[in-house]
Amino acid sequence: MNEYVSPTTALALGITLAWLAGMRVYLTVFGVGIAGLMGWMPIPESMQAVTSPWILGLCLAMAGIEFMADKLPGVDSIWDLIHTLVRIPGGAFVGGLALSDGQELSTAGMVTGGAVALLAHGLKSGTRALVNHSPEPVSNAAVSSTEDLVSASGLALVFAYPFLSFALLVMFAVFLVLLVWAAKSLLVRLFGTSSNLRPA
């Protein structure tokens with residue numbers, strides 16, 4: 001990607017990266033660091049630490065741990081709860097980078113990125129909470145693997161084709177909403193009323 005991009009392209013890039021951070025924050029920050037090293041995305045001088053081999057290695061290792069933790073029912077919900085404190089700031093960070101002027105983080109980008117990451121994180125966590133109550137044990141791994149595929153595909157495309165990546169994520173968000181609706185409907189049929197699904 002060229003150093004100078006149109007505002008609409010930068011916005012699509014920022015929203016996409018923030019959404020990815022709301023699902024897979026370590027993988028997303030790793031991707032941003034690689035993009036900075038390769039010149040696919042301008043990184044402000046004050047934020048060059050994201051391209052450090054140490055930061056890249058740490059993010060890659062944490063992405064591997066997240067990949068495994070996200071496949072385990074119960075563990076994934078705990079992981080999601082803890083990472084509320086990581087994904088939203090991560091989304092704000094990558095959103096601010098995407099809309100930066102090359103000198104400092106964009107405040108508007110950080111606010112937008114944080115809001116998008118919060119939405120993605122909330123939708124992901126809500127979906128997983130419902131899926132974990134599903135009687136089908138493979139559903140958790142299937143949903144997690146779908147998230148892995150979308151996240152990896154989004155990162156592979158976002159720097160060259162930000163609008164395509166953005167469109168894919170919109171479709172995935174619609175899929176998650178439909179999944180939540182279908183899972184809740186199934187559980188209501190199995191257990192009688194939606195009030196029975198609430199935690200004691």
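Biologist: Which elements of the protein have the highest and the lowest mean pLDDT?

Modeller: This is a predicted model, in which local features need pLDDT of at least 70 and side-chain atom pairs count only at pLDDT 80 or more, while totals for chains, interfaces and linings use all residues. Residues are numbered from 1 along each chain as its sequence is written, and side-chain values use heavy atoms, with hydrogens and water left out. The predictor's confidence in each residue, pLDDT, runs from 0 to 100, and its mean for the protein is 83, with 88% of residues at 70 or more. Among the elements, where helices (H or I, at least four residues) and strands (E, at least two) are DSSP runs numbered from the N terminus, the highest mean, 95, belongs to helix 3 (residues 53–69) and the lowest, 79, to helix 8.

Biologist: How many residues of helix 1 are buried?

Modeller: A residue is buried under 20% relative accessible area, exposed over 50% and partly exposed in between (1.4 Å probe, protein chains only). Helix 1 is mostly covered by that test, the buried count among its 17 residues being 13.

Biologist: Is Leu164 buried, exposed or partly exposed?

Modeller: Leu164 sits in helix 8 (residues 162–191) and, together with Tyr161, Leu168 and Met171, forms a nonpolar surface patch. Because its relative accessibility is 43%, Leu164 counts as partly exposed.

Biologist: How many residues apart in sequence are the parts that Lys124 and Asp70 tie together?

Modeller: These two side chains meet in a salt bridge of 2.9 Å, N to O, the rule being a side-chain nitrogen of Lys or Arg within 4 Å of a carboxyl oxygen of Asp or Glu. Lys124 belongs to helix 6 (residues 107–132) and Asp70 to the loop between helix 3 and helix 4 (75–82), so the pair joins parts whose separation in sequence, in residues, is 54.

Biologist: Which residue forms a salt bridge with Arg87?

Modeller: Arg87 is buried, with a relative accessible area of 0%. Its closest N atom lies 2.8 Å from an O atom of its partner, which is itself buried at 3% and also meets Lys124 in a salt bridge of 3.9 Å, N to O. That partner of Arg87 is Asp80.

Biologist: What is the helix content of residues 159–181?

Modeller: UniProt, in an unreviewed entry, lists residues 159–181 under "transmembrane region", along with 12–37 and 49–69. In the model the end C-alpha atoms of residues 159–181 are 32 Å apart, the strand content is 0%, and the helix content is 87%.

Technical notes
Patch = residues over 30% accessible without salt bridge, like charges linked within 9 Å, V, L, I, M, F, W, Y side chains within 5 Å. Areas by Shrake-Rupley, 256 points an atom, 1.4 Å probe, with all protein chains shown as cover. UniProt positions renumbered as here; feature names shortened; annotations may be inferred.
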